[in-house]
Amino acid sequence: MTPTPPRTSSTPDDPFAALPASSSYPLTSRYHGVPVALYTAPDGRQVPYLTRRLLPPTDGLTPLAEHTVGAGDRLDLLAQRYLGSADQWWRIADANPVIDPRELTATPGRRITVALPGAVPGVGRA
């Protein structure tokens, strides 16, 4: 997905003129709500970019299911099964603190948490 085009400004030297007016990423995107910053290249060009996306604290997520990894499991397939969209694989990765999301399905028998999206109310962890 491409961020919104930069705003135009009546002041040519306005450093914020290149920033998008708002995030064009949908609520289902892991980039929704991530702040946009501005990099000024050595030649003076201003390039907007997304800042670092921090992982949510896992203790604030509501578990939907615990899944035991089987041979051939992939996060996109599990997201489709549990969350209804393969594009939501990142929600499973967020609920299980690992550096590389592929670690989650690399070992059959591993138990992973599938959590509800952050804003969905649930019973919470006991």
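Visitor: In this predicted model, which residue's side chain meets that of aspartate 43 in a salt bridge?

Guide: The salt bridge of aspartate 43 has a distance of 3.1 Å from N to O, and a salt bridge calls for such atoms within 4 Å. Aspartate 43 itself is exposed, with a relative accessible area of 55%. The partner whose side chain meets that of aspartate 43 is arginine 45.

Visitor: How many salt bridges does the structure hold?

Guide: One of them joins the side chains of aspartate 43 and arginine 45, and another joins those of arginine 74 and aspartate 76, at 2.7 Å from N to O. Aspartate 94 also takes part in one, with arginine 53 as the partner. Counted over the structure, the salt bridges come to four.

Visitor: Are arginine 74 and aspartate 76 buried or partly exposed?

Guide: Buried would require under 20% relative accessible area, and exposed would require over 50%. Arginine 74 has a relative accessible area of 45%, while aspartate 76 has 25%, so both values fall between those limits. Arginine 74 is therefore partly exposed, and aspartate 76 is likewise partly exposed.

Visitor: How many residues apart are aspartate 94 and arginine 53, the pair that links distant parts of the chain?

Guide: The closest N and O atoms of this salt bridge are 2.3 Å apart. Along the chain, however, aspartate 94 belongs to helix α2, whereas arginine 53 sits in the loop between β2 and β3. The separation in sequence is 41 residues.

Visitor: Why does aspartate 94 count as buried?

Guide: The word buried applies under 20% relative accessible area. Beyond its near neighbours in sequence, not counting residues up to four places away, aspartate 94 touches Arg53, Leu55, Pro56, Thr58 and Leu61. Its salt-bridge partner, arginine 53, is partly exposed at 24%, but aspartate 94 is buried because its relative accessible area is 9%.

Visitor: Which element supplies the largest share of the largest nonpolar core?

Guide: This core has 11 residues, among them Ala65, Leu75, Ile92, Leu104 and Val114. At least two residues come from each of α1 (75-83), α2 (89-95) and β4 (111-115). The largest share is three residues, and the element that supplies it is α1.

Visitor: Which residues does isoleucine 92 touch, not counting residues up to four places away in sequence?

Guide: Isoleucine 92 is one of the residues of the largest nonpolar core, and several of the residues named below, including Leu75 and Ile112, also belong to that core. Once residues up to four places away in sequence are left out, isoleucine 92 touches Leu75, Leu78, Ala79, Leu83, Leu104, Ile112, Thr113 and Val114.

Visitor: Which residues make the nonpolar surface patch of about 280 Å²?

Guide: One member, valine 47, lies in strand β2, which covers residues 46-50. A residue of such a patch needs over 30% relative accessible area, and valine 47 is partly exposed at 31%. The residues that make the patch are Tyr39, Val47 and Tyr49.

Visitor: In what order do the elements of the chain run from the N terminus on?

Guide: The secondary structure comes to three helices and four strands, spread over a chain of 126 residues, of which 27% are buried. Among contacts with a separation of 6 or more, 45% involve residues 24 or more positions apart. From the N terminus on, the order is β-β-β-α-α-α-β.

Terms used:
Residues numbered from 1 in each chain as written. Predicted model: local features only at pLDDT ≥ 70, side-chain atom pairs only at ≥ 80, totals over all residues. Heavy atoms only, no water. Patch = residues over 30% accessible without salt bridge, like charges linked within 9 Å, V, L, I, M, F, W, Y side chains within 5 Å. Areas by Shrake-Rupley, 256 points an atom, 1.4 Å probe, with all protein chains shown as cover. Buried < 20%, exposed > 50% of the residue type's maximum accessible area, 1.4 Å probe, protein only. Core = buried A, V, L, I, M, F, W, Y, C linked by side-chain atoms within 4.5 Å. Contact = heavy atoms within 4.5 Å.
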